[in-house]
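Thanks, everyone; I would like to use these few minutes to talk about aromatic rings and how they pair. Please have a look at the model first, and then I will go through it.

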Amino acid sequence: MRLKKCLSLVLMSLFCLGAALPAAAADLVKVPTAWLPGQEAFPIWYAKQQGWDKAAGIDLQIYAFDSGADALRAFPAKSWIFGGLGAVPAMLGALRYNMSVIGLGNDEAMANAVMVRADSPILKTKGYNKEYPNIYGSPESVRGKTILCTRVTSADYALHLWLNALGLKESDIVLKNLEQAPAMTAFDYNIGDAVVLWAPFTFVGDKRGWKTVGTPKDLGKHLPIVLVANTAYATQYPDVTANFLALYLRGVNWLQTAPREEVVKQFQKFYLDWAGQDYSTDLINLNFDTYEFFNLEAQKKLFSTSAGPSQVQQWQSELAEFFASVGLITEKNLKEIQGSSYVTSKYIDMVTPQAVTKQ
């Protein structure tokens, strides 16, 4: 996997600004994209496997990053122009790098979890905050604990939501910043009192007997994976941008309508190819119980601004306001992205039903 990632980074250097621009009409348009090792990458991986990109005049380049923060660090060099990120790095990308949110991957509110070992004292208290009866923990049982978490990610958001519900702040705990795989390994070796994971790592943690003490879903929040774009590129090449979305949504349409047995088989192949992990059928089925994918019709509704700010804009604004309240972005930052105007329906509105249902 390490060799594969190194190769990806070498190849990315070949697709900087010049390579990202459409070539002559007879050539395929090289489109470098960035993804995390999660199931939201499946639709675009499947589109590539089926050759749909080349049929649409696009040559998708698919690159793996360990976290949204990793992907953000590569974005200013124009190493990628489209991708799938958590809502948190997408917000920061809009603040720092002129990034737009153009579509949805899924809602991962149930998949990001603060997890503890089965003997943790944190599990002794449930429903401390009556507004959130399904979360575990109390100020006394959590204060001073060491928690492993990947910063500037959806996991970071999940952690802060949980702490906030318990009346705690980041300064009340010891926070160790680790990427997901190292965090799992460290926690497995009894380092830390809690770990914050996203799927499929949460599924693995569950199989190891770790217990979930809180998720954004438990705390009444949506947590979307969003599809993002280099704003300048998308503005200059709207047709390429709409084609990218159509390819992704064609993959979503396939996984929602194909026989479950075939979908599970392809997901297993995807995880083996993408993350080097051989997941069981039961583990793959957990994906479908945990995540909500959005088809074209649902996306158009969620991005619609006909009655005011879209639902996606509201989700992103709520997230920004929360991060400002806990001091992870400044009030000045909040004003810069007030209203989440970086979330646009322009490109999803260009995608037709025929583009995502053709066989």
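Let me begin with Phe-267, which at 0% relative accessibility counts as buried, and please keep in mind throughout that this is a predicted model. Phe-267 shares helix H13, residues 260–275, with Tyr-271, the two being four residues apart, about one turn of the helix. Tyr-271 is buried as well, with a relative accessible area of 1%.

Now to the wider set of rings, where Phe-267 and Tyr-271 belong to one aromatic cluster whose members also include Trp-52, Trp-254, Trp-274 and Phe-288. Two arginines come in here: Arg-250 lies over the face of Trp-52, at 4.0 Å from the ring centre, while the charged end of Arg-260 sits over the ring of Phe-288, 4.2 Å from its centre.

How many aromatic pairs does the count come to? With ring centres required to lie within 6.5 Å, the count comes to 25 aromatic pairs. One of these joins Tyr-157 and Phe-322, with the ring centres 5.5 Å apart and the planes at 80°; because an angle over 60 degrees counts as edge-to-face, that is the class of this pair. Tyr-157 lies in helix H8, residues 154–165, and Phe-322 in helix H16, residues 311–325, so the pair ties together parts that are 165 residues apart in sequence. Both rings belong to buried residues, with a relative accessible area of 1% for Tyr-157 and 10% for Phe-322. Phe-267 and Tyr-271, for their part, form a tilted pair, at 6.3 Å centre to centre and with 45° between the planes.

Terms used
Residues numbered from 1 in each chain as written. Predicted model: local features only at pLDDT ≥ 70, side-chain atom pairs only at ≥ 80, totals over all residues. Heavy atoms only, no water. Phe/Tyr/Trp six-rings, centres within 6.5 Å; stacked < 30°, edge-to-face > 60°. Buried < 20%, exposed > 50% of the residue type's maximum accessible area, 1.4 Å probe, protein only. Lys NZ or Arg CZ within 6 Å of the ring centre and 35° of its normal.
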